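Visitor: I'd like some practice in reading a model from its backbone up. Could you walk me through one?

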Amino acid sequence: MIQQMACPERGRLLKLYAEATRALSHHTAVLPDVAEGSGADAFDRTWGMCEAAKRRCAEIRQAMYEHIEKHRCGLRVMQTATTR
Ligand SMILES: [Zn+2]
């Protein structure tokens with residue numbers, strides 16, 4: 001049974017997740033401009049940052065699922081995610 005309660009660790013992970021998705025969104029948003037005007041090296045670098053940000057998002061999401069499963073502090077919306 002998953003309860004809905006305040007949890008500082010869940011809050012911390014959600015904040016990290018928000019930052020990571022913002023970084024992913026930012027690096028992805030500049031890709032078209034970098035592709036047009038900055039040369040292959042800059043494009044590869046930015047692409048690499050997108051990939052790193054994507055991995056970071058996945059890692060934080062996984063950490064969140066694992067925390068919620070152990071601590072039982074998930075919001076109802078997380079229930080489907082943890083049982084996948
Ligand atoms: Zn918790």
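Guide: Let's go through this predicted model feature by feature.

Visitor: Fine by me. How many helices and strands make up the secondary structure of the protein chain?

Guide: Three helices and zero strands. Along the sequence the pattern reads α-α-α.

Visitor: Before I trust any of that, what pLDDT does the protein chain average?

Guide: The average is 87, and 83% of the residues score at least 70. Then go element by element: α1 has the highest mean pLDDT, at 95, while helix α3, residues 76-82, has the lowest, at 57.

Visitor: And how should I treat a stretch with a low score?

Guide: Where pLDDT is low, don't read the predicted coordinates in detail. With its mean of 57, helix α3 is where I'd keep that in mind.

Visitor: On to α1, then. How far apart are its end C-alpha atoms, and what span should its 30 residues give?

Guide: The idea is to count 1.5 Å a residue and compare that with the end-to-end distance. Helix α1 covers residues 8-37, so it should span 44 Å, and its end C-alpha atoms are indeed 44 Å apart.

Visitor: Where does α1 bend?

Guide: At Leu31, by about 40 degrees. Look just downstream too: a proline, Pro32, follows within four residues.

Visitor: Which residue follows α1, and what is its phi?

Guide: That's Gly39, with a positive phi near 85 degrees.

Visitor: Same span check for α2, please. What do its 33 residues predict?

Guide: They should span 48 Å at 1.5 Å a residue, and the end C-alpha atoms of α2 are 48 Å apart, so the two agree.

Visitor: What comes after α2?

Guide: Arg72, and it's worth a pause. Its phi is positive, about 60 degrees, although Arg72 is not a glycine. Arg72 sits in the loop between α2 (39-71) and α3.

Visitor: Is Arg72 exposed or only partly exposed?

Guide: Count the C-beta atoms around it: 12 or fewer would make a residue exposed, and 20 or more would make it buried. Arg72 has 13 others within 10 Å, so it is partly exposed.

Visitor: What share of the protein chain counts as buried?

Guide: Of the 84 residues, 7%. In α2 the buried ones are Ala53, Met64 and Ile68.

Visitor: Is there a general way to think about spacing along a helix?

Guide: Yes: an α-helix has 3.6 residues a turn, so residues three or four places apart point the same way. Keep that in mind when you look at Met64 and Ile68, both on the buried list for α2.

Visitor: What share of the contacts with a separation of 6 or more joins residues 24 or more positions apart?

Guide: It comes to 65% in the protein chain. To get a feel for sequence distance against spatial distance, try some pairs. Ala63 and Leu13 are 50 residues apart in sequence, yet their C-alpha atoms are 7.7 Å apart. Ala63 lies in helix α2, and its 14 C-beta neighbours inside 10 Å make it partly exposed.

Visitor: How far is Ala18 from Cys57 in space?

Guide: Their C-alpha atoms are 8.8 Å apart, with their positions 39 residues apart in sequence. Ala18 belongs to helix α1 and counts as exposed, with 11 C-beta neighbours inside 10 Å.

Visitor: And which residue is Ala58 paired with?

Guide: Thr21: 37 residues away in sequence and 9.8 Å C-alpha to C-alpha. Ala58 is in helix α2 and has 11 C-beta neighbours inside 10 Å, so it counts as exposed.

Visitor: How many residues separate Arg45 and Val34 along the chain?

Guide: Just count 11, with 9.7 Å between their C-alpha atoms. Arg45 is in helix α2, and with 14 other C-beta atoms within 10 Å it is partly exposed.

Key
Residues numbered from 1 in each chain as written. Predicted model: local features only at pLDDT ≥ 70, side-chain atom pairs only at ≥ 80, totals over all residues. Helix = DSSP H or I, 4+ residues; strand = E, 2+ residues; numbered from the N terminus. Expected span 1.5 Å × (residues − 1). Bend = angle between axes of the 7 residues up to and from the residue. pLDDT = per-residue confidence, 0-100. Contact = placed C-beta atoms within 7 Å.
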